[in-house]
Amino acid sequence: MDYAMINELLNKYWLCETSLEEERELRRFFASEEVPEHLLAYKAWFCGRDEAALPVLGAEFDKRILKKIKPKERLSFHLGRRYVTGIAASLAILVAASLYVYNQTDWADPSYQDTYQTPEEALRAAQVSLSFVSSEINRGQKMVYNEMKKTAPITDLINNIDKLEGE
């Protein structure tokens, strides 16, 4: 007997790739007396089941199995009245807000309009504004300087502590 072929059939059998004829060949081999010692463990597997004793499964079995594994019908997509109303209300709010913003924008005359009649008037207004900003910045700087003068003794102590620790 060709043991290499039997080993190949066994490998195919365990991978579920054998035909019925190949499985019968394996059963015939293991039913014989010429089974080598390293394959004796498989003898009970192949001789334990008699192919004739196995029931033949008919078309009725296939129908029962297919009926049990038949995919369920997909439920149709159903929106309730509440959800449809909510979606419609959201769209109405979105449209109303868009129209409000669109109407508030002045689309009629997008050109720039002067607020002063002459360039000299505009220059004087700009000088007044810049003078005010400058005076406020100066006032803020004086306040910061005065507060720094109040904290100067504490700053000197901190600097002296750092010098003492360094020694």
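The following exchange concerns the aromatic pairs and the fold of a predicted model.

Modeller: In this predicted model, local features need pLDDT of at least 70, side-chain atom pairs count only at pLDDT 80 or more, and totals for chains, interfaces and linings use all residues. Residues are numbered from 1 along each chain as its sequence is written, and side-chain values use heavy atoms, with hydrogens and water left out.

Biologist: How many aromatic pairs does a search of the whole structure find?

Modeller: Rings of Phe, Tyr and Trp (its six-membered ring) pair if their centres lie within 6.5 Å; planes under 30 degrees apart count as stacked, over 60 as edge-to-face and the rest as tilted. Across the whole structure, the number of aromatic pairs is 8.

Biologist: Why do the rings of Trp14 and Tyr42 count as tilted?

Modeller: Their centres are 5.8 Å apart. The planes stand at 50°, so the pair is tilted.

Biologist: How many residues apart in sequence are the parts that this pair ties together?

Modeller: Trp14 lies in helix 1 (residues 3-14), helices being DSSP runs of H or I of at least four residues, numbered from the N terminus. Tyr42 lies in the loop between helix 2 (20-31) and helix 3 (43-47), so the parts joined are apart in sequence by 28 residues.

Biologist: Are Phe30 and Phe46 buried or exposed?

Modeller: Phe30 and Phe46 form a stacked pair, 4.9 Å centre to centre with 5° between the planes. Phe30 belongs to helix 2 and Phe46 to helix 3. Buried means under 20% relative accessible area, exposed over 50%, partly exposed in between (1.4 Å probe, protein chains only). Phe30 and Phe46 are both buried.

Definitions and conventions: Helix = DSSP H or I, 4+ residues; strand = E, 2+ residues; numbered from the N terminus.
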